[in-house]
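Ready for a few exercises in reading a protein model? Have a look at the sequence and structure, then work through the tasks below.

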Amino acid sequence: MTTPASVTTTGTMKVYDNAEQQVQRLRKELEAVDLERALVRRRRAQVEGRRRRLQRLQSRWWVSNNAAERMVIHLVGNQNATLQDVARAKARLKVLAQLNAANDCFYIWHAGPFATINGCRLGRLPSFMTVEWVDINAGLGQSMLLLDTLVRRAGFRFRDHQLMPLGSFSKIIKLPRGRDEAGLVPSSPRASGGNALNLYYDEANLVFFPRRNLNAALVAFLRCVEEFGTYVEQQDPTLRLPHRIQDGGKVGGLSISLIQGEEETWTRALKYLLTDLKWLLAWSAKRVAT
């Protein structure tokens, strides 16, 4: 038979056992929480380390990015400056392409009734103005140099003549027919053979008929202009010399030969000749520009 005292003892033991189990359970939970807290602290330390590394990397990135932006700004500035230089260079090139040095080297104009080339007057009008032969000879030499320059630029070669531009004492070599001059440079003054015609007048020279020699040289020079003019018109059908050159040494219907008492006609013929040369010069400038 169970007594009250034993029942009380048994109840107390059960309560004690329950409390002990609860304590053990709480201890285990506390240990688990401690372990979890330790794990959280480790993870937090790892995250903090990563955060600091990311912060350092971000700082480095901003430094690099700022440097790159400064470099881009510098390069864009250089690019804009280069583009401006290129634009100015193209504009300058366009202007220079329209220039022709030959126009400056051989300036053809007029002074009253006289045609001029580089300021040298061609022609004689004793009743109007006395033009010295020094001036005329220099102008004829400049005219031959101009034709020789245009011929060289075009790669053209005369059939029967060779130009020798020697300033105020220029000559024209009349080549013998049938002679092979293929090895000569166009308008080379070293052409061999033939007769030399003086494209100048020297009153002090002890040469018989100096005017006749000058006239022969003028006719030969006019033929050279005609021959080159024909070649140019074949190259550019739109171009026609303003003063036609005819057989017998005539330009624009006027004789190129100097005849006593017909100085006015001779002066006009020389003006026509320089006008034709000016047209040939314009064609050459257009050809080089294109």
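## Exercise 1: The surroundings of S170

Before starting, note that this is a predicted model, where local features need pLDDT of at least 70, side-chain atom pairs count only at pLDDT 80 or more, and totals for chains, interfaces and linings use all residues. Residues are numbered from 1 along each chain as its sequence is written, and side-chain values use heavy atoms, with hydrogens and water left out.

**Task.** Find where S170 sits and which polar atoms its side chain reaches.

**Solution.**
1. Locate the residue: S170 is in the loop between strand 4 (161–164) and strand 5 (171–174). Helices (H or I, at least four residues) and strands (E, at least two) are DSSP runs, numbered from the N terminus.
2. Check its accessibility: S170 counts as buried because its relative accessibility is 0%. Buried means under 20% relative accessible area, exposed over 50%, and partly exposed in between (1.4 Å probe, protein chains only).
3. Look at the backbone: the side chain of S170 reaches the backbone nitrogen of L166 at 2.9 Å, and a polar atom of that side chain lies 2.8 Å from the backbone oxygen of G167.

## Exercise 2: The sheet

**Task.** Work out the order in which the three strands of the open sheet are arranged.

**Solution.**
1. The order is 4-5-6, with antiparallel pairing. Two strands pair if DSSP finds at least two bridges between them.
2. Strand 4 and strand 6 (195–198) are the edge strands, each pairing on one side only.
3. Strand 5 and strand 6 pair over four bridges. In strand 6, N195 is the bridge partner of K174.

## Exercise 3: Salt bridges

**Task.** Describe the salt bridge of D135 with R121, then that of R159 with E227.

**Solution.**
1. Start with the idea: side chains of opposite charge can pair when their charged atoms come close. A salt bridge is a side-chain nitrogen of Lys or Arg within 4 Å of a carboxyl oxygen of Asp or Glu.
2. D135 and R121 meet at 3.2 Å, N to O. D135 lies in helix 3 and R121 in strand 3 (residues 120–122), so the pair ties together parts 14 residues apart in sequence.
3. In the other pair, the closest N and O atoms of R159 and E227 are 3.6 Å apart. R159 is in the loop between helix 3 and strand 4, while E227 is in helix 4, 68 residues apart.
4. Compare accessibility: R159 is exposed, at 63% relative accessible area, whereas E227 counts as buried, at 12%.

How values were computed
Polar contact = N/O pair within 3.5 Å; in protein donor to acceptor, adjacent residues only side chain to side chain.
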